Amino acid sequence: MPLRTPGKPLYGTSALFLAALLALSPWVSAQESSGPAAGATSEEQRRDNAASQAQPPREDYYRAEFVILERIVDPADVNEKMASRIPEPSTPDINEILRAVDRNGTVETTRQLVPRNELHLQTAANRLENSGRFRILLATGWYQSFPPDFEGEPLRIAIGDWLADAGHREVEGHITIDRQRYLHVDVHLNHWQPLSLQQATLSQGSDAADTASSSNQPMDDGAGQEAPDEDPSAPGKDTAADSLASMATGGDMAGADQMQVTSASQPKAELVTWIRETRRMRSEEVHFLDSPTIGVLVFFKKIEE
């Protein structure tokens with residue numbers, strides 16, 4: 001069962017990208033009604049034949065295509081309130097890269113990507129972009145074998161605007177392709193925006209409080225001396241014990257401990273929405289995964305050799 005985006009959707013599930021679906025519906029319907037070869041132009045077939053001839057014969061050979069788009073909408077109009085969510089940190093050991101752009105605009109990829117004008121999804125991407133309601137962040141594809149029981153490695157993605165305070169791109173995450181009987185695509189993307197002035201002020205205040213708290217901690221001189229006994233009834237004597245007990249019983253932590261916990265994990269950008277979804281794919285069909293502000297079009301073309 002697909003994993004859906006948490007939170008309250010904007011005006012109904014998947015209605016946020018209704019314009020995208022409506023724009024694609026004539027094209028997708030024609031494709032589905034005309035059989036597997038529908039939508040494939042002679043030019044596209046020529047490119048596929050050239051690609052297959054350039055490589056040694058392979059079984060279960062496909063062209064994988066992905067279009068990642070951003071819906072142009074005021075984040076204030078999004079009903080999903082995710083600013084308080086802190087996603088798990090990015091996996092540092094992801095070695096495969098679909099597309100990652102650093103702060104200087106340098107693009108990295110570990111795939112031999114085909115140009116956008118060679119994609120089956122080019123028509124859909126152009127139509128969405130020309131509508132003025134969507135921004136295409138990525139439109140690319142590559143050729144690869146996906147045999148049965150294939151377990152793919154995550155492909156890192158870092159695209160969109162550079163968020164200087166956060167030190168990363170607007171949209172980041174990874175996509176993983178596996179195959180059992182069918183191809184499966186797991187999309188794990190976060191959509192960020194810069195912190196508001198109020199949030200930035202609070203974040204800076206938390207950082208300053210942490211710095212001050214750390215500077216006031218006693219230093220261990222290594223002499224092994226024991227601290228002098230204190231009055232057990234003195235205020236704050238059981239603060240540490242109370243904090244541990246609070247964590248054990250599921251209660252709230254208060255005071256400086258709470259400041260340290262929240263500021264340590266506080267991102268330097270605001271989470272707008274995310275996509276957490278796994279979808280079973282059929283080749284020759286267009287699949288659409290979405291959140292209120294970003295979406296992913298996926299298409300697999302089986303290359304016969």
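This talk covers one sheet, the helix that lies across it, and some aromatic rings in a predicted model.

I start with the sheet. It is open, has 4 strands in the order S4-S1-S11-S10, and its pairing is antiparallel. Strand S4, residues 134-145, and strand S10, residues 286-290, are at the edges; each has a single partner strand, so one side of each has no neighbour in the sheet. On average, neighbouring strands here are turned by 15° against each other, direction ignored.

Now one pairing in that sheet. Strand S1, residues 61-71, pairs with S4 in the antiparallel sense, over 11 bridges. To find a place to look, take Arg63: its bridge partner in S4 is Tyr143.

Next, the helix. H3 covers residues 122-130 and lies across S1, S4 and strand S11, which is 294-302. Relative to S4, the helix H3 runs at about 170°. Which residues of H3 are buried? Ala124, Ala125 and Leu128 are. Viewed down the axis of H3, the buried residues fall within an arc of 100°, so they line one face of the helix. After H3 comes Gly132, with a positive phi near 80°.

On to the aromatic rings. There are 7 aromatic pairs in the structure. One of them is Tyr62 with Phe300: the ring centres are 6.4 Å apart and the planes stand at 90°, so this pair is edge-to-face. Tyr62 belongs to strand S1 and Phe300 to strand S11, so the pair ties together parts that are 238 residues apart in sequence. Are these two rings on buried or exposed residues? The cut-off for buried is under 20% relative accessible area. Tyr62 has 6% relative accessibility, so it counts as buried. Phe300 has 1%, so Phe300 counts as buried too.

A further edge-to-face pair is formed by Phe146 and Phe150, at 5.3 Å centre to centre with 85° between the planes. Phe146 counts as buried because its relative accessibility is 1%. The residues of both pairs belong to one aromatic cluster, made up of Tyr62, Phe66, Trp142, Phe146, Phe150 and Phe300.

Last, two arginines that sit over rings. Arg276 lies over the face of Trp274, at 4.1 Å from the ring centre. The charged end of Arg280 is placed over the ring of Tyr182, 4.4 Å from its centre.

To recap: the sheet has the order S4-S1-S11-S10, H3 lies across S1, S4 and S11, and the Tyr62 and Phe300 pair joins S1 with S11. That is all I have.

Technical notes: Residues numbered from 1 in each chain as written. Predicted model: local features only at pLDDT ≥ 70, side-chain atom pairs only at ≥ 80, totals over all residues. Heavy atoms only, no water. Pairing = 2+ DSSP bridges. Helix = DSSP H or I, 4+ residues; strand = E, 2+ residues; numbered from the N terminus. Axes fitted to C-alpha atoms, helices over the stretch in contact; angles between N-to-C directions. Contact = heavy atoms within 4.5 Å. Buried < 20%, exposed > 50% of the residue type's maximum accessible area, 1.4 Å probe, protein only. Arc of directions from axis to C-beta. Phe/Tyr/Trp six-rings, centres within 6.5 Å; stacked < 30°, edge-to-face > 60°. Lys NZ or Arg CZ within 6 Å of the ring centre and 35° of its normal.
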